[in-house]
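Student: I would like to learn how to read a structural model feature by feature. Could you take me through one slowly?

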Amino acid sequence: MSNLEKIKDQSFSLKTKDDWIEKAEKSLKGKTVESFQTTTYENIVLKPLYTRQDEQSVPEFPGGSDFRRGIFPLGYRTNEWKAAQRITYQTTEELRDKLHLSFEKGQSAISFDVKQVLFEAEESLQNILDKSYQQYPFTINTKDLQTEFLAAIADLDDCDQISGYIGSDPIALFAEEGHISEEFFKNWVKNVQQSNGKFPNLRTVLIDTVPYHNGGANAVQELGIAMAEGVYYLENLQEYGMELEEILAKMVFQFAIGSNYFMEIAKLRAARVLWNRITDLYGAKEEVRGMMIAAETSSFTKTVHDPHVNLLRAGNEAFAAVIGGVQYLHVSPFNELIGETAFSERIARNIQLLLKEEAHLKTVIDPAGGSWYVEALTNQLAEKAWGFFQKVEATGGILEVLKSSWLQQEIAAVYEKRNMDIQTRKQSIIGTNVYTNLDENVQNKLRLKDKPYFVKEENSLIEIEAVQPKRLARPFEELRIKAMRLEEKLAASPSVGMLCLGDLKHHKARLDFMKGFFAAGGIKTVKSKPIVSLGNASQFVSELPAKYVCFCGTNDQYETIGHEILAVLKAEFPERIFYLAGLPEKEYQSQWISEGITQFIHLKSNCYETNTNILNELEVNTIEETKA
């Protein structure tokens, strides 16, 4: 037998999951595979390996069954998602010019913020849109201006051909603003009813989960809230005389897409599963049970500092949205928080074009379908979200859980977990709590929140606790602002001295860690030369302008020379505050504290809390010195 024939005759023996576990645990040096399981903010346990047994039953084709694989049989091959970049503007002239330019550059939907200036300007909406509505669908969340906007487009030529959605979500607005207005809701119902005849191809009922996402909600909560709002609108609009299929044809769901790539894909797939289950229970026909989804990249995950990293975040989120099967997508410009530019708007739009034309996502039907991990995650999310939805309904429905603040408290609890992970740097935000660039000069131009929509004398209001918009990076950004203001007052940067024991190889690892730790709070570090004697240490501290000093070295050095150096420095400079990089063995900690160490700073330390304490103390000292 020739060598070639021998090669052809070879085969690989089949391996089982147990074989894989055995092999994996040999390389893990005593750890088990189970130790690599992680728990998400949705309380879903993620396994290191998924197999066919995790998949359960999956529809063979998109466009049917539970719709998890999409609402169209051929996906984007026949129904491309629309690039619905939301255009910002100050004047109607700017809106007109930017809108027309965006269509030339690849935009495929009409999307912009609705402002009062649109109805006060001399230029008509007909002139601004210039027949574009006959070619492109609308994708607009009108907020509190739906009545005015629908009245304005009623004057357009061929208005019965308008498609897409011009929607408003009263409940989401109530949650954002902290007021419930029955009058506003009644007017919204009238809009939906009247537009049904005037605009037969236009959706006007929006279920907007973005405010809850921006408040810190997890995927389970977002899905449960979306279902609860959808059911509320189905019930109420039917009471006002609309037919079930008629209402469903007017609905569109809006989601923000966060940074957990696979979770966000599963969220969108689970949303369709849940809505199909609900509408099926209502007795709706299959052709109207598919969920129309508009998505936008999350503002909750974006940062002011190192804004170009937002390009990566937005790209990842947009990718997840498309794989998840959305119909409309807005990608936020990377510098949206401090003011978009023509360049950043172009890059945001081009992310969608890259996904369509270069990643070829418009030609692949449901690329996530059949992934054991994604399918298992979809099922787990759907079941947990269904349970959350049932809790909301058992408590009286979406409005009642908002009135009682139960929903706000549930969302706040998840946000606190997220926030703690950011503060302790268990979760990283590049350019904010890790890899911070202190030479970056970013002015604080964060946009202010608009005034409440419903605080008007003619509206009867019920006050509730608002779901406040948040961002994970904001607490650290506020520290950076505080540090900059202190620098202006002190005429010097807030800083901490790094007492580097021994040669570079002995202190470099902990020195680098401490530099990053303090930089996250806007605090600079002043590095000493290698400390090999008491005289070196004393001289460095005496010349140091900072009040704070941190020992950096190995544990062996700490025990060999650290105690002696600390005793001398504490006696010579009693007003100084001393930290120790790393966490000594438990039996040594009390000794260090008794000798004058204020805090051990290590991987599990609360970075935000430590930096806050230093900046607060510096601020107090500055005020006292000013008074003196």
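Tutor: What follows is a walk through this predicted model, from the whole chain to single residues.

Student: Let us begin with the whole chain: what does its secondary structure come to, and what are the spans of its C-alpha trace along the principal axes?

Tutor: The chain comes to 23 helices and 16 strands, and its C-alpha trace spans about 90 × 85 × 50 Å along the principal axes. Of its 628 residues, 52% count as buried. Among contacts between residues at least 6 apart in sequence, 77% join residues at least 24 apart.

Student: How many aromatic pairs does a search of the whole structure find, and how should I read one of them?

Tutor: A pair of aromatic rings is described by the distance of the centres and the angle of the planes. The search of the whole structure finds 28 aromatic pairs. One of them, formed by Y89 and F112, is edge-to-face, with 6.2 Å from centre to centre and 80° between the planes. This pair links distant parts of the chain, since Y89 lies in the loop between strand 3 (82–83) and helix 3 (92–104), while F112 lies in the loop between helix 3 and helix 4 (117–120), 23 residues apart. Y89 counts as buried at 2% relative accessibility, and F112 is buried as well, with a relative accessible area of 1%.

Student: Why is the pair of Y548 and Y579 called stacked?

Tutor: The ring planes of Y548 and Y579 stand at 15°, with the centres 6.3 Å apart, so this pair is stacked; the cut-off for that word is planes under 30 degrees apart. Y548 belongs to strand 14 (residues 548–552) and Y579 to strand 15 (residues 577–581), so the pair ties together parts that are 31 residues apart in sequence. Both Y548 and Y579 are buried. Ring pairs can also join into groups, and here they link Y50, Y261, F262, F319 and Y373 into a cluster.

Student: Which residues lie over the faces of Y89 and W386?

Tutor: K115 lies over the face of Y89, at 4.5 Å from the ring centre, so Y89, already described as buried, has a lysine at its face as well as F112 as its ring partner. In the other case, R277 lies over the face of W386, at 4.6 Å from the ring centre.

Student: Where is S495 placed, and with which residues is S495 in contact once neighbours within four places in sequence are left aside?

Tutor: S495 is in strand 12 (residues 495–500), and at 13% relative accessibility S495 counts as buried. With those sequence neighbours left aside, S495 is in contact with I523, K524, V526, A546 and Y548, and Y548 is the tyrosine of the stacked pair.

Student: How many disulfides are there, and why do C552 and C607 not form a bond with the closest cysteine sulfur?

Tutor: The test is one of distance, with a cut-off of 2.5 Å between cysteine sulfur atoms, and the count comes to zero disulfides. For C552, the closest cysteine sulfur is that of C550, 4.4 Å away, which is too far for a bond. For C607, the closest is also in C550, but at 12 Å, again too far for a bond. C552 is buried, with a relative accessible area of 0%, and C607 is buried with a relative accessible area of 0%.

Student: How should I read a single helix, for instance helix 10, in terms of its span and its surroundings?

Tutor: One compares the expected span with the modelled one: at 1.5 Å a residue, the 21 residues of helix 10 (residues 219–239) should span 30 Å, and the end C-alpha atoms are 30 Å apart, which agrees. Because 17 of those 21 residues are buried, helix 10 is largely enclosed by the rest of the structure. At the start of helix 10, a side-chain oxygen of N218 reaches to within 3.1 Å of the backbone nitrogen of V220, and just after the helix G241 takes a positive phi of about 105°.

Student: Which residues other than glycine take a positive phi, and are they buried or exposed?

Tutor: Most residues other than glycine have a negative phi. Among the exceptions here is D130, with phi near 50°; D130 lies in the loop between helix 5 (125–129) and strand 4 (138–141) and is partly exposed, with a relative accessible area of 49%. Y435 also has a phi near 50°, is found in the loop between helix 17 (406–423) and strand 11 (461–463), and is exposed, with a relative accessible area of 67%.

Key: Residues numbered from 1 in each chain as written. Predicted model: local features only at pLDDT ≥ 70, side-chain atom pairs only at ≥ 80, totals over all residues. Heavy atoms only, no water. Phe/Tyr/Trp six-rings, centres within 6.5 Å; stacked < 30°, edge-to-face > 60°. Helix = DSSP H or I, 4+ residues; strand = E, 2+ residues; numbered from the N terminus. Buried < 20%, exposed > 50% of the residue type's maximum accessible area, 1.4 Å probe, protein only. Lys NZ or Arg CZ within 6 Å of the ring centre and 35° of its normal. Contact = heavy atoms within 4.5 Å. Expected span 1.5 Å × (residues − 1). Polar contact = N/O pair within 3.5 Å; in protein donor to acceptor, adjacent residues only side chain to side chain.
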